[in-house]
Amino acid sequence: GPRRPPARSPRAPKSLPGVERGPGCARGLGTALSPVLSGACSQGSRAEAEAMEKELLEDYRFGRQQLIEIWGHACAVAVTKAFPLPSLPRRQPTLLVACGPAQNGAIGLVCARHLRSFDYEPTIFYPKRSPDPLHRDFTTQCEKMDIPFLSYLPTEVQLINDAYNAVVDAVLGAEGTEGTAGTEPCAAILATLRLVRIPIVSLDVPSGWAAGPGGSGDISPDVLVSLAAPKEVARRFQGRRHFLAGRFVPEELQRKFGISPREYPGSDCVVAL
Amino acid sequence: MPGPRALLGLGLLVAAARAGGRCRERGWSWSWNRGWNRGWERGWERGRCLPHRAMHSPGTARPGPAGLRFLGQEEAQAIDQELFTEYRFSVEQLMELAGLSCATAIAKAYPPSSFTTSQPAVLVVCGPGNNGGDGLVCARHLKMFGYQPTVYYPKRPSKPLFEGLTTQCKKMDIPFLPEFPAEAEFIDELYGLVVDAIFGFSFTGAVREPFGSILSTLERVTVPIASIDIPSGWDVEKGKADGLQPDMLISLTAPKKAAMHFTGRYHFLGGRFVPPALQEKYALNLPAYPGTDCVLQLT
């Protein structure tokens with residue numbers, strides 16, 4: 001296989017100027033902490049993720065569409081590893097892809113398109129469409145691949161359980177805050193996702209988790225695909241498979257943000273953690 | 001137990017725009033696309049694909065998988081245009097997928113362990129257009145796969161896309177040569193592989209400098225050359241008998257007619273992004289890609 005650079009010992013994530021890190025972060029996010037401190041942790045982690053994205057876009061001159069394409073493709077590959085075609089319980093390889101209004105949703109659209117090219121049958125639920133022309137193009141690409149778009153999500157959860165093998169949660173991701181998680185239509189989607197019996201694959205951050213400390217109201221995904229690096233809230237993840245889609249991150253950025261180097265199998269863009 | 005069809009009946013599914021001429025049952029399109037590996041003749045025999053049976057005259061002899069079409073230059077350009085205008089893909093998106101395909105094909109055929117040079121050093125020669133852009137993406141992915149790419153990029157379009165791709169490479173410590181190695185022997189000594197990303201399917205007419213000299217040198221190189229989409233300097237349909245003779249060709253989207261004149265060891269198909277409707281419209285008859293691979297070995 002490809003020659004890898006010498007292993008480096010992982011370093012603790014550096015604090016960015018202006019980002020407060022509460023004691024809870026050093027110990028690992030605990031629900032025993034006051035909401036303010038654990039909120040500060042998830043904010044701190046989000047600030048780092050945003051800082052990395054900013055550096056990728058401004059210093060490394062990646063295009064936003066390029067990054068979303070890379071992430072969406074990697075998420076689709078992770079889905080196929082978690083749910084290989086022959087392993088699906090239903091006769092048809094159906095998947096429901098729930099897309100939110102912001103970047104996480106756009107990643108879901110790209111993910112759905114690649115799943116379609118991998119011979120799965122995704123159906124998209126994308127109730128609140130971003131006016132961003134980039135997101136509109138992603139939508140058109142899906143439509144032109146003959147991927148159906150649901151006009152509404154059944155509240156009768158059994159219909160979803162019966163129709164699809166799994167749900168891809170691309171609703172809120174790391175963007176979810178107290179505000180957005182509570183607004184429509186995301187609140188309704190999350191309410192439904194809490195009740196489904198089929199596995200959920202969350203992209204980057206399980207929707208609703210970024211809003212605050214863990215609670216019984218959280219959705220419980222079976223699979224998590226972390227983008228670039230696992231987020232702080234991922235520590236709460238207790239599902240079956242956790243993948244990292246981080247091969248695209250330049251080594252210098254990995255060092256700067258304290259991302260442990262990983263061995264990716266062959267030319268795979270994701271690795272199982 | 002309600003399935004997706006029941007949801008259709010309940011009016012919940014909004015049908016997306018569907019290409020004309022598709023069979024009602026979706027099953028046949030899968031057996032068509034995956035047929036190469038799973039015995040598509042069986043699907044043919046079942047008589048489900050009657051409209052398509054007419055499209056593929058069995059009498060036409062073609063190298064490679066039966067029925068795989070080799071495109072003319074105008075057709076290739078038309079498909080490209082349609083991907084951008086009808087399907088709303090961006091050059092940025094497709095270039096990323098194309099470059100990834102090229103790097104993946106190279107990793108399959110020339111793994112780093114197979115290099116006789118002390119490091120898996122690769123020279124990537126990038127031309128002035130989109131083929132050069134594909135080369136830049138390929139170089140970046142090669143670096144991530146553990147190779148040591150070096151780029152030569154003499155004519156750079158001043159467009160954000162190409163400037164961005166160049167910066168991405170530079171920030172990943174991929175060196176850019178200030179001048180092209182003067183002798184083929186220098187290339188043979190320093191690199192285990194050359195990636196030819198000079199000209200693609202839009203190439204017509206005479207070769208302008210510095211690429212004429214570069215191609216002359218590459219023609220004398222003995223290490224393997226992997227060409228992206230079209231061996232540079234070849235006529236896109238007729239080839240070039242006295243031109244570059246690459247060891248590998250990575251055809252993007254679908255092979256062009258020039259590929260029929262390719263005599264190297266490895267012919268890969270890459271650019272796994274062609275929507276089924278577009279494949280049908282142009283009767284590309286692409287064989288099925290294995291699993292989630294973005295490349296398919298044709299020979």
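Where in chain B is Gln119(B) placed? Gln119(B) sits in the loop between helix H7 (91–109) and E2 of chain B. The model described here is predicted.

## Gln119(B) and its surroundings

With a relative accessibility of 33%, Gln119(B) counts as partly exposed. The cut-offs explain the label, because buried means under 20% relative accessible area, exposed over 50%, and partly exposed in between.

Gln119(B) can also be placed against a residue further along the chain. Tyr289(B) is 170 residues away from Gln119(B) in sequence, and the C-alpha atoms of the two are separated by 31 Å.

## The two chains

Chain A has 273 residues, and 58% of them are buried. Nine helices and eight strands are found in chain A. Chain A exposes about 10900 Å², of which carbon and sulfur atoms supply 53%. If contacts in chain A are taken between residues at least 6 apart in sequence, 70% of them join residues at least 24 apart.

Chain B has 299 residues, and 57% of them count as buried. Its secondary structure comprises 12 helices and eight strands. The exposed area of chain B is about 12800 Å², with 52% supplied by carbon and sulfur atoms. For contacts in chain B between residues at least 6 apart in sequence, the share that joins residues at least 24 apart is 69%.

## Confidence in chain A

The mean pLDDT of chain A is 84, and 80% of the residues of chain A reach 70 or more. Residues 1–44 of chain A have a pLDDT below 50, and this stretch has 58 contacts in the model beyond near neighbours in sequence.

## Strand E2 of chain B

The loop that holds Gln119(B) leads to E2 of chain B. Strand E2 spans residues 121–126, and six of its six residues are buried, so the strand is largely enclosed by the rest of the structure. Both faces of E2(B) are covered. On one side are Ala121(B), Leu123(B) and Val125(B), and on the other are Val122(B), Val124(B) and Cys126(B), all of them buried.

E2(B) pairs with two strands, E3(B) and E4(B). Five bridges join E2(B) to strand E3 (residues 148–152) of chain B, and these two strands run parallel. In this pairing, Val124(B) stands opposite Val151(B). E2(B) and E4(B) also run parallel and are joined by five bridges. Here Leu123(B) stands opposite Val194(B). Together with helix H8(B), strands E2(B) and E3(B) make a right-handed β-α-β unit.

## Annotated domain and binding site

An unreviewed UniProt entry lists residues 76–286 of chain B as "domain: YjeF N-terminal". Over these residues the chain is 37% helix and 14% strand, and the C-alpha atoms at the two ends are 14 Å apart.

UniProt also gives, in an unreviewed entry, a "binding site" annotation that covers Asn131(B), Asp196(B) and Ser232(B). These residues are spread over 102 residues of sequence but cluster in space, with a largest C-alpha distance of 9.6 Å.

## Asn131(B) and Asp196(B)

Asn131(B) belongs to helix H8 (residues 130–144) of chain B, the helix of the β-α-β unit with E2(B) and E3(B). Its relative accessible area is 6%, so Asn131(B) is buried. Leaving out residues up to four places away in sequence, Asn131(B) touches Asp196(B), Ala197(B), Ile198(B), Phe199(B), Gly200(B), Ile228(B) and Asp229(B).

Asp196(B) is part of strand E4 (residues 193–197) of chain B, a strand that runs parallel to E2(B). Asp196(B) counts as buried because its relative accessibility is 0%. Outside its sequence neighbours up to four places away, Asp196(B) has contacts that include the other annotated residues, Asn131(B) and Ser232(B). Asp196(B) also touches Val125(B), one of the buried residues of E2(B). Other residues touched by Asp196(B) include Ile225(B), Ala226(B), Pro231(B) and Leu244(B).

## A residue of chain A in contact with chain B

Gln141(A) lies in helix H5 (residues 133–144) of chain A. With a relative accessible area of 0%, Gln141(A) is buried. Apart from neighbours within four places in sequence, Gln141(A) is in contact with Gln65(A) and Arg113(A) in chain A, and with Tyr87(B), Arg88(B), Phe89(B) and Gln93(B) in chain B.

Notes. Residues numbered from 1 in each chain as written. Chains lettered and ligands numbered in written order. Predicted model: local features only at pLDDT ≥ 70, side-chain atom pairs only at ≥ 80, totals over all residues. Heavy atoms only, no water. UniProt positions renumbered as here; feature names shortened; annotations may be inferred. Helix = DSSP H or I, 4+ residues; strand = E, 2+ residues; numbered from the N terminus. Buried < 20%, exposed > 50% of the residue type's maximum accessible area, 1.4 Å probe, protein only. Contact = heavy atoms within 4.5 Å. pLDDT = per-residue confidence, 0-100. Areas by Shrake-Rupley, 256 points an atom, 1.4 Å probe, with all protein chains shown as cover. Pairing = 2+ DSSP bridges. Right-handed = clockwise from strand over helix to strand, strands pointing away.
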